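Please open the model in your viewer and keep the selection panel at hand. The tour below proceeds from the whole chain to a single pair of strands.

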Number of protein chains: 2
Amino acid sequence: MVSTGVTEVKTFSDEEFFNLVDENTSLFIDELGETVAIQSVSAELEEHLDDVIQMMEWASTRIQKLGGTVQMVPNPAATSDRPLPPILLGEFNTNDVSKKTVCVYGHLDVQPANIEDGWDTEPFVLTENDGKLYGRGSTDDKGPALSWLWIIELHQKMGVELPVNIKILFEGMEESGSEGVFEVIHTEGKPGKFLDDVDFFCISDNYWLGKNKPCITYALRGLAYFQLSVQGSTQDLHSGVLGGTVHEAMTDLIALMGTLVDSSGKILVEGVMADVDPVTKEEEALYDTIDFDMEEYKEDNGIKSVSDKLLHDDKKSLLMHRWRYPTLSLHGIEGAFSGKGAKTVIPREVIGKFSLRLVPDQDPKKIEKLVVDHISTEFMKLTSPNKMKCEMLHGANAWISDTKHPNYEAAANAIEKVYNGVKPDYTREGGSIPITSALENATGMNVLLLPIGACDDGAHSQNEKYNISNLVNGVKVLGIYLHELGKIKG
Amino acid sequence: MVSTGVTEVKTFSDEEFFNLVDENTSLFIDELGETVAIQSVSAELEEHLDDVIQMMEWASTRIQKLGGTVQMVPNPAATSDRPLPPILLGEFNTNDVSKKTVCVYGHLDVQPANIEDGWDTEPFVLTENDGKLYGRGSTDDKGPALSWLWIIELHQKMGVELPVNIKILFEGMEESGSEGVFEVIHTEGKPGKFLDDVDFFCISDNYWLGKNKPCITYALRGLAYFQLSVQGSTQDLHSGVLGGTVHEAMTDLIALMGTLVDSSGKILVEGVMADVDPVTKEEEALYDTIDFDMEEYKEDNGIKSVSDKLLHDDKKSLLMHRWRYPTLSLHGIEGAFSGKGAKTVIPREVIGKFSLRLVPDQDPKKIEKLVVDHISTEFMKLTSPNKMKCEMLHGANAWISDTKHPNYEAAANAIEKVYNGVKPDYTREGGSIPITSALENATGMNVLLLPIGACDDGAHSQNEKYNISNLVNGVKVLGIYLHELGKIKG
Ligand SMILES: [Zn+2]
Ligand SMILES: [Zn+2]
Ligand SMILES: [Zn+2]
Ligand SMILES: [Zn+2]
């Protein structure tokens, strides 16, 4: 290279970067194994708090060895009775104010796992077999989270400057509701604080729709979770002794729950569909090319051997009802007889649990009112003297982003480069990832969901795994994504 | 008394017997305390099998000391893995073939009890306070069962011959479904066996309708217990990820359960009311004088502070719906979310539990067909591809006896004598006492239900008690009842 008189800026071509990733794969696998061995189970803090803390400290040390700075924020939800792991705020600052800043989120805690649950290998020993890395946390979310550190390390090895400033938000409580993290996001989003100068967010903590084709996720459904209680008495009664003389709470509750949704999945609460975002041509077009196998879906979800029937027969309808239409599910009843066998109880008070998945532009507050009004009207029809109460326990807005946003285009470009011209599927998730809205609301900046793992990784199941191909291509995609972000001007 | 040349037959007047009972009350209480201290909890055999056996052996020894004979029948339902207490067949034979034979039934096992459940005193220490004897089993059923032995002892003390031959059937598994007892009753009812020569049966194991007025119970409702399962998948699903794409089992189950009964208690299964025995004038008249306080009933059953409303506003309607009309209760759902809080599960398979209380002349087999057909028809309407199964788990006929039968008249006479001319109420029970039909079916002989305890004794609750007045008058009534039976000729 001819000297131009300015400081030489080392860089590498996509090809060079890809080769580097390939050459270092076994190092990545070793390090993933090192972290999988740390049993950072946040749902079992009595036993594993030390492990979760150790995992967070492992990441802190690793970041600092790479030259980053780290601030360990004491968990604001912790109490003296209930200590909680800290939240990690890390930073790799290029000291180049012209560069954009991306903040990446990941979680280092994992779901519980015991070999007795049906694991074929020790869950906390990363085990390679047939191109797959088995182990708890391999795909959710240690593999994806560590990828950012591996990318930074490759840059350092080659003396290549990072194309963007990188901020890291790692937590250790995601599998237990991200306790304390929302407060930290709220605080750090304020002027002059850690998240204030972030231009883009990227979260890699969901999965491809299928096993083969990469995707980008641009929308999540929200939630309105209800509890509906009916009380008939202050004590459980015996149906032989009292049956025929009392207004039974279960009769009322079953009648009310039966007015919410029909067998075809249609929500019967008037007004609920009013604000549902209409389908645009643009959105509709996204479904055509999507890699989604209905037969595999039935097989994977245990439907095949039972009815072999889904609510919708074509891919587009099915995905739309999974992603962009609200649904209502009846989850169960608290207080009723729920054991095996026969018990002739008239339960004193029964509490039905049901929830709606919300979509853009449904407002949980408005849904709450519609549902509570509906239940009140239906309860009036019963002319029952029992005590009834319907309330929303949680409400969360749906989230949707813009697939044309530069953050999304950077990711799409990266995927095309790594996957030889394949354009990603644009997917939604039926469930919620509350951190997404939290980051967007705290900063007003765009959030990208960039999954790396495959649909069959079994994030919360036995035999969780991470394909080596996904690990390798994931590092490549996330690395190129940073370079694509680096090209964004203004 | 002038010698008549024949062997003098010693007897005593009612008054003498009453005095004897009063004089011996403290001995009865001591002995009741001795048996209450034996923790014969049949629902907790792992811990208490030895206690139940000890209790049965206590009774055996006691009967033999009184000069009776005892046969301890090994429990036919016992296995090597699951030993069970024996069944006690005792006998006091006067060797006078002209005398009638009565068989009395009682159970010596008790409900579980722990002081932590809210007992004010140690449950297994009989504690006297304000005329009440607190302790587990005091009223259910050790007090009534032991009464027979006390009566026999009083006869012996005074050298008075028993007016009837007495057979005793005591068991130790009643609170756990009387395991093994039905087989024994069936076997012993055969020609030449223990129950074959019994003329009358008497069971004292239920309670007065109120707190003050004695009663005789002449009918019990039967039972048809159903389990209705709907399966949508082989695995629980997440409502966020899958909601909107699958036929949810809970939606179908709730819809089906909602077609069974309305909020006013009306059974919606067609044909169920067809065979219900019409109300005769004679039956109707029985309700007029019945001692039953609706306000106390609401209070005692925890209705007062909730709705203060029963299904029927007048005593007669209420009691009829409690005793002589069928009812349908929804008990609960197995397999659905039943915990506290919020869980967004789509349960794979849910099993609804409901039961009907049957009355004369409903046939459980016919009810089974009506219910299964009804559910099938309603399920067809749902056009759901889920797997549905409705089956009856248990069926038991209602039982009704004849209040004019000499066995009943003997009891009524005894009550009038003890209670200074008060005529008993004739009551039914809404629940079932399966031993009743079993004894009647095995022998074809009349069965009398003769309660001693008061409605507020709390048989299965904390602070179970037995009023000393009920104990004393109970011994008197049962004793005079035997003498009244002794007068029956032919
Ligand atoms: Zn995750
Ligand atoms: Zn997870
Ligand atoms: Zn009993
Ligand atoms: Zn009992």
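How many positive and how many negative side chains does chain A have, and how far apart do the centres of the two sets lie? In this predicted model, select the charged side chains of chain A: 44 are positive and 77 are negative. The centres of these two sets lie 5 Å apart.

Next, display the C-alpha trace of chain A, which spans about 95 × 50 × 50 Å along its principal axes. A compact globule of 490 residues would have a radius of gyration near 23 Å, so the 25 Å of chain A agrees with that expectation. Switch to a cartoon, and the secondary structure of chain A comes to 14 helices and 18 strands.

Now add the surface. The accessible surface of chain A comes to about 19600 Å², and carbon and sulfur atoms contribute 49% of that area. Of the 490 residues, 59% count as buried. Turning to contacts in chain A with a separation of 6 or more, residues 24 or more positions apart account for 80% of them.

Then select strand E17 of chain A, residues 446–449. Are the residues on its two faces buried or exposed? A:Asn446 and A:Leu448 on one side are buried, as are A:Val447 and A:Leu449 on the other, and both faces of E17 are thus covered.

Finally, add strand E7 of chain A, residues 200–203, which pairs with E17(A) in the parallel sense over four bridges. To locate one point of this pairing, select A:Ile203, whose bridge partner in E17(A) is A:Leu449. A:Leu449 is also one of the buried residues of E17.

Technical notes
Residues are numbered from 1 along each chain as its sequence is written. Chains are lettered from A and ligands numbered from 1 in the order in which they are written. This is a predicted model: local features need pLDDT of at least 70, side-chain atom pairs count only at pLDDT 80 or more; totals for chains, interfaces and linings use all residues. Side-chain values use heavy atoms; hydrogens and water are left out. The radius of gyration is taken over C-alpha atoms; the globule rule is 2.2 Å times the number of residues to the power 0.38. Buried means under 20% relative accessible area, exposed over 50%, partly exposed in between (1.4 Å probe, protein chains only). Contact means heavy atoms within 4.5 Å. Accessible areas come from the Shrake-Rupley method with a 1.4 Å probe; for residues, only the protein chains shown count as cover. Lys and Arg count as positive and Asp and Glu as negative; His and the chain ends are not counted. The place of a charge is taken as NZ of Lys, CZ of Arg, CG of Asp or CD of Glu. Two strands pair if DSSP finds at least two bridges between them.
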